[in-house]
Amino acid sequence: MKILFVCIGNICRSPIAEGVMKTKCEQLNLAWDIDSAGTHSYHVGSVPHESSQLICLQNGINISNQRARKFAADDFKKFDKIYALATDVYQSLISFCKTKEEQNKIILLLDELYEQKGKSVKDPWYGGFDGYEEVFDEISFACDAVIEKYKTAK
Ligand code: 4NP
């Protein structure tokens, strides 16, 4: 399974998702390819936000080697599942699609976690550290749900 997590800047939410999912896959011996990207280029080349790095470190995950990159059309070919962290990101990704097959790869991450569809991982960019703690937990539970659903897939 090849999974890409996408948010806006690729510095707050999707780097956490990448780090959390990679760690869970290692622990479970799942040979999945995991990456992340942003729909916008504001922060291309930057390390993850210091609060994203800190909340991950507090949970034993080092994401300091990640660098932000912008989503590219090629990603539709490279990945099996493209998880949007929020509905605005989902809409942007849909607008980049050229085929139905590409569209079918795009999934709202929290649709894997909650009965109620259409929820977004809140953007912690404008708030304090508690926002990052909330986001970490929600992303971690969503990753558990994804693993539970696809763990028998290669
Ligand atoms: P992210 O958060 O999408 O979770 O990485 C954001 C980071 C930066 C900006 C927006 C969201 N920005 O507008 O610069």
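Okay, Leu-30. In this predicted model, Leu-30 sits in the loop between H1 and E2. Is Leu-30 buried or exposed? Leu-30 comes out buried, with a relative accessible area of 15%. It also has a partner from another stretch of the sequence: the C-alpha atoms of Leu-30 and Ala-153 are separated by 9.3 Å, and the two residues are 123 residues apart along the chain.

Step back along the chain to Asn-29, which is in the loop between H1 and E2 as well. Asn-29 counts as exposed, at 72% relative accessibility. And have a look at its backbone: phi of Asn-29 is near 60°, so we have a positive value in a residue other than glycine.

One more step back and you reach Leu-28, in helix H1, which covers residues 13-28. Leu-28 is a leucine that counts as exposed, at 52% relative accessibility. The cut-off for exposed is over 50%. Leu-28 pairs up in space with Ile-147: 9.5 Å from C-alpha to C-alpha, with their positions 119 residues apart in sequence.

Now, Asn-29 has company. Phi of Asn-10 is also near 60°, again positive and again not a glycine. Asn-10 is in the loop between E1 and H1. Unlike Asn-29, which is exposed, Asn-10 is buried, with a relative accessible area of 3%.

Asn-10 gets us to the ligand. Which residues are around the ligand? Going along the chain, we have Cys-7, Ile-8, Gly-9, Asn-10, Ile-11, Cys-12 and Arg-13, then Tyr-42 and His-43, and then Asp-123 and Trp-125.

Let me go through some polar distances there. From the backbone, an N or O atom of Ile-8 lies 2.8 Å from an oxygen atom of the ligand. From side chains, Arg-13 has an N or O atom 2.7 Å from a ligand oxygen, and His-43 puts a polar side-chain atom 2.8 Å from an oxygen atom of the ligand. As for cover, the ligand taken alone exposes 360 Å², and the protein buries 91% of that.

Okay, cysteines, for anyone planning to ask about disulfides. How many disulfides does the count come to? The count is zero. Take Cys-7, one of the residues around the ligand. The closest cysteine sulfur to that of Cys-7 is in Cys-12, and at 7.0 Å it is too far for a bond. The cut-off is 2.5 Å between sulfurs. Cys-7 counts as buried, at 2% relative accessibility. Cys-56 is in no disulfide either: the nearest cysteine sulfur is that of Cys-143, 10 Å away. Cys-56 is buried too, with a relative accessible area of 0%.

Next up, the rings. A search of the whole structure turns up three aromatic pairs. One of them is Phe-5 with Tyr-83, and that pair is stacked, at 6.0 Å centre to centre and 25° between the planes. The pair links distant parts of the chain: Phe-5 is in strand E1, residues 2-7, and Tyr-83 is in strand E3, residues 81-84, which puts them 78 residues apart. Phe-5 is buried, at a relative accessible area of 0%. Tyr-83 also counts as buried, at 0% relative accessibility.

Then there's Phe-71 with Phe-76. Stacked or edge-to-face? The ring centres are 5.1 Å apart and the planes sit at 75°, so that pair is edge-to-face. The cut-off for edge-to-face is over 60 degrees. Both rings belong to buried residues: Phe-71 has a relative accessible area of 6%, and Phe-76 is at 3%. Add Phe-96, and those three residues form one aromatic cluster.

While we're on rings, here's a charge over one. Lys-119 lies over the face of Tyr-114, at 5.4 Å from the ring centre.

Last stop, Thr-39. Where is Thr-39? Thr-39 is in the loop between strand E2, residues 33-38, and helix H2, residues 50-58. Thr-39 counts as buried, at 5% relative accessibility. The side chain of Thr-39 makes a polar contact of 2.9 Å with the side chain of His-40.

If you want something to click through on the structure, try these: the oxygen contacts of the ligand with Ile-8, Arg-13 and His-43, then the stacked pair of Phe-5 and Tyr-83, then the cluster of Phe-71, Phe-76 and Phe-96.

Definitions and conventions
Residues numbered from 1 in each chain as written. Predicted model: local features only at pLDDT ≥ 70, side-chain atom pairs only at ≥ 80, totals over all residues. Heavy atoms only, no water. Phe/Tyr/Trp six-rings, centres within 6.5 Å; stacked < 30°, edge-to-face > 60°. Helix = DSSP H or I, 4+ residues; strand = E, 2+ residues; numbered from the N terminus. Buried < 20%, exposed > 50% of the residue type's maximum accessible area, 1.4 Å probe, protein only. Lys NZ or Arg CZ within 6 Å of the ring centre and 35° of its normal. Near = heavy atom within 4 Å. Polar contact = N/O pair within 3.5 Å; in protein donor to acceptor, adjacent residues only side chain to side chain. Areas by Shrake-Rupley, 256 points an atom, 1.4 Å probe, with all protein chains shown as cover.
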